[in-house]
Amino acid sequence: MGRMSRRQAISTSTIGCFSLLASGAVVADEAISLGRNNDVAAAKPIPIVACRKDQKERIERAMERFAKRFGIKGNLVQDGNPRCCVWFELVGCANPGADGWFFVHHGGGSLCYATNEKQLDLAVTALIAIADKAANQGQLPIGLTTSFSVNPTV
């Protein structure tokens, strides 16, 4: 399988993304695995956070922590992703026993998917740490940031 374009990667289904990540396939041109130092483009998150209505209680704390760090005032609760926001969602495991999270970011919006609340909290903690680095100045890397192991040679 060849590399997917950013457009293909972003439009891939949530479960499909988790399956690709669990198998070690790259789903974005700029793949970032935690602990690696990559020199990639960065952008500030769009100033609206959002989540599904049925997950609000489970996601709200992590979403508010993210919004506070990035100075985001807008907060939406929707039936589905309205686009042009930082979308938070719990999606379960595609590969049993492989809890984790991934964050796909670009200037027009972002997706933060996690297998459970604990993983979502870990994602927000990691993203805040990335943004707090002096070189990033409150920006996040364009592309994929994840707790899953990523094989960039695929």
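Student: Which residues touch the most other members of the largest nonpolar core?

Tutor: Let me set the scene before I answer. This is a predicted model, where local features need pLDDT of at least 70 and side-chain atom pairs count only at pLDDT 80 or more, while totals for chains, interfaces and linings use all residues. Residues are numbered from 1 along each chain as its sequence is written, and side-chain values use heavy atoms, with hydrogens and water left out. Now to your core: among its 26 residues, Val49, Phe66, Phe88, Phe103, Leu120 and Leu140 touch the most other members.

Student: Which elements each supply at least two residues of this core?

Tutor: They are strand E3 (48-52), helix H3 (56-69), strand E5 (86-90), strand E6 (101-106), strand E7 (109-114) and helix H4 (117-132). H4 gives the largest share, eight residues. Another core of nine residues lies apart from it, with Ala50, Cys85, Val104 and Leu144 among its members.

Student: What makes a set of residues a nonpolar core?

Tutor: The set must consist of buried Ala, Val, Leu, Ile, Met, Phe, Trp, Tyr and Cys residues, joined through side-chain atoms within 4.5 Å. Buried means under 20% relative accessible area, exposed means over 50%, and partly exposed lies in between (1.4 Å probe, protein chains only). In soluble globular proteins, nonpolar side chains tend to be buried together.

Student: Which residues does Val49 touch, not counting those up to four places away in sequence?

Tutor: Val49 touches Met63, Phe66, Ala67, Ile72, Gly74, Asn75, Leu76, Val86 and Phe88. A contact here means heavy atoms within 4.5 Å.

Student: And what are helices and strands in this description?

Tutor: Both are DSSP runs numbered from the N terminus: helices are H or I with at least four residues, and strands are E with at least two. The protein chain has four helices and nine strands, in the order α-α-β-β-β-α-β-β-β-β-α-β-β along the sequence. Of its 154 residues, 46% count as buried. Among contacts between residues at least 6 apart in sequence, 72% join residues at least 24 apart.

Student: Why is H3 called roughly parallel to H4?

Tutor: H3 and H4 pack at an angle of about 5°, with their axes 9 Å apart. Angles under 35 degrees count as roughly parallel, over 145 as roughly antiparallel, 65 to 115 as roughly perpendicular and the rest as oblique, so H3 is roughly parallel to H4. The axes are lines fitted to C-alpha atoms, for helices over the stretch in contact, and angles run from 0 to 180 degrees between N-to-C directions.

Student: Which residues of H3 and H4 meet?

Tutor: From H3, Arg58, Ile59, Arg61, Ala62, Arg65, Phe66 and Arg69 meet Glu117, Leu120, Asp121, Val124, Thr125, Leu127, Ile128, Ala131 and Asp132 of H4. The residues of this contact divide into eight nonpolar, one polar and seven charged. Nonpolar covers Ala, Val, Leu, Ile, Met, Phe, Trp, Tyr, Cys and Pro; charged covers Asp, Glu, Lys and Arg; the others, Gly among them, count as polar.

Student: Why does Glu89 count as buried?

Tutor: Glu89, in strand E5, has a relative accessible area of 11%, which puts it under the cut-off, so Glu89 is buried. A polar contact of 2.7 Å joins its side chain to that of Trp87. Such a contact is a pair of N or O atoms within 3.5 Å; within protein, one must be able to donate a hydrogen and the other to accept it, and residues adjacent in sequence count only if both atoms are side-chain atoms.

Student: How do you know that Thr146 is buried, while Ser147 is partly exposed?

Tutor: Thr146 has a relative accessible area of 0%, so Thr146 is buried. Ser147 has 33%, a value in between the two cut-offs, so Ser147 is partly exposed. A polar atom of the Thr146 side chain lies 2.8 Å from the backbone oxygen of Trp101, and a polar atom of the Ser147 side chain lies 3.0 Å from the backbone nitrogen of Trp101.

Student: Why is Arg83 called exposed?

Tutor: Its relative accessible area is 58%, over the exposed cut-off, so Arg83 is exposed. Arg83 lies in the loop between strand E4 (74-78) and E5, and its phi is near 70°, a positive value in a residue other than glycine.
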